[in-house]
Amino acid sequence: MTNEAIPDLMAFDDAGLDEAFGGLERRARVEATFISNVADVEKFRLEWLGRKQGRLNEVSSRWLKAAPPEAKKALGLRFNALKEFVEGLLDAALGGGPSDSALKAEAIDITLPGSRRLTGAEHPITRTMNEIVAVFAALGYSVGVGPEVETDFYNFESMNFPHGHPARDTQDTLVVAGQERRPVRDRLLLRTHTSPVQMRTMELVPPPVRIVIPGKVHRNDAADATHSPIFHQVEGLCVDHNIAFSDLKGTLDHAMKALFGSAVKTRFFPSFFPFTEPSADVQISCIFCGGKGCRKCKQSGWIELLGCGMVDPAVFAFAAEKQPAYDARQISGFAFGMGVERIAMMKYGISEIGQFFAGDMRFLGQFA
Ligand code: PHE
């Protein structure tokens with residue numbers, strides 16, 4: 001049956017070869033459509049690929065042999081293509097996937113599993129910062145931000161750190177090089193705290209003001225388990241008529257309970273910041289031992305968490321240069337600043353601040 005099916009090949013040029021092979025391909029395709037059971041599959045296979053009598057065998061022995069040497073390559077290429085085509089038809093008829101050769105010919109291997117994308121998650125610092133901000137947003141505070149590269153004026157001078165004042169030494173500063181020709185007040189540095197945004201806010205809006213300012217700060221501190229030259233703060237500022245220290249205490253006591261649980265107690269210790277008077281350090285009862293005394297609180301039952309105080313009249317005087325309504329005889333206010341890493345470390349039981357910045361997915365994935 002098969003021998004007659006393969007005509008003699010007359011022309012060995014490209015057009016002749018295309019026509020001859022094209023004809024066979026069409027025939028194979030048509031015949032494949034008639035396959036309806038396993039026996040048909042086997043019959044098709046024998047007819048086309050059978051070792052002795054298959055058509056491809058016939059093509060190879062008759063056409064290839066008759067071909068002049070210069071046509072052998074072109075013929076061989078077409079022969080291989082036809083063979084792959086027939087094998088593909090057979091695979092499809094067997095209900096299997098595409099043949100290996102068919103797969104290789106595909107531009108895109110649709111059988112490859114897709115590459116899985118990891119779901120992103122908030123960084124624990126971002127999350128803690130948002131949590132703190134949300135506590136104050138619920139009290140009616142708005143949210144502001146300011147530049148991380150700041151001038152000497154906003155970071156220090158307007159915050160009542162005069163030049164040469166020893167308080168500047170408490171915030172070892174990273175300064176931008178090559179600023180010597182600028183007036184000192186305009187020289188750039190990496191802000192050491194978020195407090196300069198207090199001044200930027202007051203210069204823009206008259207009182208009353210209630211604002212929280214989350215952001216990144218830098219200090220030239222050696223890194224250790226609890227210090228990092230880069231860290232984050234949330235600043236707060238509240239200015240209005242008749243704001244008293246009791247308002248500051250009530251606000252921060254509420255915030256600490258909202259962040260660490262209603263059982264937490266606060267206490268205020270005298271402290272010093274140039275931009276607040278009086279100033280205080282806030283401690284919370286140890287969240288690990290409930291105040292009984294443990295290793296974490298060095299047996300004291302208390303943990304120091306943030307700085308705060310009543311806005312110093314000298315700071316209002318700087319603000320009044322742009323907004324005269326910041327008149328210390330008319331208004332008063334309080335400010336506070338807290339370290340985000342410290343709060344996150346306590347909330348999540350983290351003992352190495354460097355973990356926040358190492359980019360280790362095994363650490364970060366735990367917050368997903
Ligand atoms: N800016 C202070 C610091 O970084 C914190 C602070 C803010 C203290 C506001 C009082 C009022 O140490």
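Biologist: Let's start with Gln-233. Is this residue buried or exposed?

Modeller: Burial is read from the relative accessible area, and under 20% counts as buried. Gln-233 has a relative accessible area of 10%, so this residue is buried. Keep in mind that this is a predicted model.

Biologist: Where does Gln-233 lie?

Modeller: Look for strand β5; Gln-233 lies there. That strand runs over residues 230–240.

Biologist: What does the side chain of Gln-233 reach?

Modeller: For polar contacts, you look at pairs of N or O atoms within 3.5 Å. The side chain of Gln-233 reaches the backbone nitrogen of Thr-194 at 2.9 Å. There's a ligand partner as well: a polar side-chain atom of Gln-233 is 2.9 Å from an oxygen atom of the ligand.

Biologist: How much of the ligand does the protein bury?

Modeller: Taken alone, the ligand exposes 330 Å², and 92% of that is buried by the protein.

Biologist: And which residues come nearest to the ligand?

Modeller: There are 15 residues around the ligand, and the nearest are His-193, Ser-195, Arg-219, Gln-233 and Glu-235. Two of these deserve a look at their distances. In His-193, a side-chain N or O atom is 3.0 Å from a nitrogen atom of the ligand. In Ser-195, a polar side-chain atom lies 2.9 Å from a ligand nitrogen.

Biologist: Where does the ligand sit?

Modeller: In the largest pocket.

Biologist: Which strands each supply at least two residues of the shell around the ligand?

Modeller: β5, β8 (302–311) and β9 (332–339) do. The biggest share comes from β9, which gives three residues.

Biologist: How do the shell residues divide into nonpolar, polar and charged?

Modeller: Five are nonpolar, eight are polar and two are charged.

Biologist: Back to accessibility. What does Trp-302 count as?

Modeller: There's a middle class between buried and exposed, which covers values from 20% to 50%. Trp-302 has 21% relative accessibility, so this residue counts as partly exposed. You'll find Trp-302 in strand β8.

Biologist: How far is Trp-302 from Cys-289?

Modeller: You can count along the chain or go through space. Trp-302 and Cys-289 are 13 residues apart along the chain, and their C-alpha atoms are separated by 9.5 Å. You can do that with another pair too: Gln-366 and Met-338 are 28 residues apart in sequence, with 24 Å from C-alpha to C-alpha.

Biologist: Where is the place of Gln-366, then?

Modeller: In the segment after α13 (361–364). The relative accessible area of Gln-366 is 62%, and over 50% means exposed, so Gln-366 is exposed. A polar atom of its side chain lies 3.1 Å from the backbone oxygen of Arg-362.

Biologist: Which side chain does Arg-78 join in a polar contact?

Modeller: That of Asp-14, at 3.5 Å. Arg-78 lies in helix α5, residues 72–93. A polar atom of the Arg-78 side chain is also 3.2 Å from the backbone oxygen of Ala-74.

Biologist: Now the backbone angles. What do most peptide bonds and phi values look like?

Modeller: Most peptide bonds are trans, and most residues other than glycine have a negative phi. Departures from that are handy things to look up.

Biologist: Which peptide bond leading to Pro-208 is cis?

Modeller: The one from Pro-207 to Pro-208, with omega near 5 degrees. Pro-208 lies in the loop between α9 (196–204) and β4 (209–218). Another cis peptide bond runs from Glu-277 to Pro-278, with omega near -5 degrees. Pro-278 lies in strand β7, residues 276–285.

Biologist: What is the phi of Asn-242?

Modeller: Asn-242 has a positive phi of about 60 degrees, although this residue is not a glycine. Its place is in the loop between β5 and α10 (245–260). At 71% relative accessibility, Asn-242 counts as exposed.

Biologist: And what is the phi of Lys-298 near?

Modeller: Near 50 degrees, again a positive value in a residue other than glycine. Lys-298 has its place in the loop between β7 and β8. With a relative accessible area of 74%, Lys-298 is exposed.

Key:
Residues are numbered from 1 along each chain as its sequence is written. This is a predicted model: local features need pLDDT of at least 70, side-chain atom pairs count only at pLDDT 80 or more; totals for chains, interfaces and linings use all residues. Side-chain values use heavy atoms; hydrogens and water are left out. A residue is near a molecule or strand if one of its heavy atoms lies within 4 Å of it. A polar contact is a pair of N or O atoms within 3.5 Å; within protein, one must be able to donate a hydrogen and the other to accept it, and residues adjacent in sequence count only if both atoms are side-chain atoms. Accessible areas come from the Shrake-Rupley method with a 1.4 Å probe; for residues, only the protein chains shown count as cover. On a 1 Å grid over the protein atoms alone, a cavity is a set of points where a 1.4 Å probe fits but cannot get out, and a pocket is an open set with protein on both sides within 12 Å along at least five of seven lines; lining residues have an atom within 4 Å of a point. A molecule sits in a cavity or pocket if more than half of its atoms lie within 2 Å of its grid points. Helices (H or I, at least four residues) and strands (E, at least two) are DSSP runs, numbered from the N terminus. Ala, Val, Leu, Ile, Met, Phe, Trp, Tyr, Cys and Pro count as nonpolar, Asp, Glu, Lys and Arg as charged, and the others, Gly among them, as polar. Buried means under 20% relative accessible area, exposed over 50%, partly exposed in between (1.4 Å probe, protein chains only).
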